[in-house]
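I opened the notebook to look up a few local features. The entries below follow the order in which I checked them.

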Amino acid sequence: MRKLNEKKRYKKGVGEFEYNLEKELFKIKRELENLSYKSSRPEKFVLREPKKRTIFVVDFKDRVIHHALCNIIEPIFDKSFIKDSYACQKEKGTHRAVWRLEQFQRKVTKNNTRKGYILKADVRKYFDSIDHEILLKIIKRKIKDRKVMWLIEEIVRSHEGKGDFKGKGVPIGNLTSQLFANVYLNELDYFVKEKLRAKYYIRYMDDLVILSPSIDFLLEVKEKINEFLTTWLNLKLHPKKSWVFPPERGVDFLGYQIFYYYKLLKKGAVKRIKEKLKVLAETYNKEFIDLSEIYGSVVAWLGYSKHADTYKLRERLLENLIFLVKI
């Protein structure tokens, strides 16, 4: 029941807004034209799956404005993103990023006939660490309209970090935050591709992967990336999650453990689906949920897991769904 209630928080204010739709839209229009719009104070929630993270939920009115803004500015920035940046873009996503990584593995190792190495890295506390001043400076290069920039600045500065994160951070949960976070590290993409000449480079938000037949090249690249992040973007690589290794160890990337000839789901993902099926069974038997909700969860998981070598796993887990047949 707790998870069902979590879904409702994203519907906050939807009914009231739709009931007064014309009035609300005219109010938004007036506030934007007069530059009097103020972002609402977001509600904060802690999610613990797949890992602990804090998300922020703003009023429905703010989400309408965020979507409208992204509809206008996203096409402008999309043109500047490199081919191998895969987060939050149409016709890209996790599965295309994983496919690209497998393709790069074959090229770097010449179909597994020579040694290759992988630099896997991510940025420490990325969303919390995005510097507002640097972000706005980057955005201003592309956005010249004064009113649009005013709105962007209002949204960016509405999230104020504390302590070491004062003047930093974009809230996880906002559509605009995904776009801003992608724009911010687009600076790194061009540095890696044009200055470091890293041919086999992939980024999915703050997860970075570079492949090369030379371990020395990757060790040097790692240091230069960290120096660039520190100097130009006020960021740092995560010291415990940034390292160089041979691909036969398996690459932990976007929920999969990727080897040369096959890929598996991460152990944590398998554990979570087992626990979820158990909870679904208990909840269904108590008649707290119906089959349609169970069906949606199972289909979503099957769609995710089928991209790995999981035939036997799927067969075994689906056997546990016998509880759906009531005698």
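Entry 1, a cysteine. I began with C88 in this model, which is predicted. I found C88 partly exposed, because its relative accessibility is 33%.

Entry 2, disulfides. I noted that a disulfide is a covalent bond between the sulfur atoms of two cysteines. I searched the whole structure and found zero disulfides. C70 is in no disulfide, and its nearest cysteine sulfur, that of C88, is 10.0 Å away. I then asked why C88 has no bond to C70. The closest cysteine sulfur to that of C88 is the one in C70, and at 10.0 Å it is too far for a bond. The cut-off I used is a pair of sulfur atoms within 2.5 Å.

Entry 3, cover of C70. Is C70 buried or exposed? I wrote it down as buried, because its relative accessibility is 3% and buried means under 20%.

Entry 4, charge on the surface. Which residues form a positive surface patch? I listed K83, R96, K107 and K199. I placed R96 in helix α5, which covers residues 94-108. R96 has a relative accessibility of 45%, so I recorded it as partly exposed.

Entry 5, nonpolar surface. I looked up a nonpolar surface patch and found one of about 340 Å², made by Y261, Y262 and L264. L264 lies in strand β9, residues 263-265. I marked L264 as partly exposed, because its relative accessible area is 34%.

How values were computed:
Residues numbered from 1 in each chain as written. Predicted model: local features only at pLDDT ≥ 70, side-chain atom pairs only at ≥ 80, totals over all residues. Heavy atoms only, no water. Patch = residues over 30% accessible without salt bridge, like charges linked within 9 Å, V, L, I, M, F, W, Y side chains within 5 Å. Areas by Shrake-Rupley, 256 points an atom, 1.4 Å probe, with all protein chains shown as cover. Salt bridge = Lys/Arg side-chain N within 4 Å of Asp/Glu carboxyl O. Lys, Arg positive; Asp, Glu negative; His and termini not counted. Charge placed at Lys NZ, Arg CZ, Asp CG, Glu CD. Helix = DSSP H or I, 4+ residues; strand = E, 2+ residues; numbered from the N terminus. Buried < 20%, exposed > 50% of the residue type's maximum accessible area, 1.4 Å probe, protein only.
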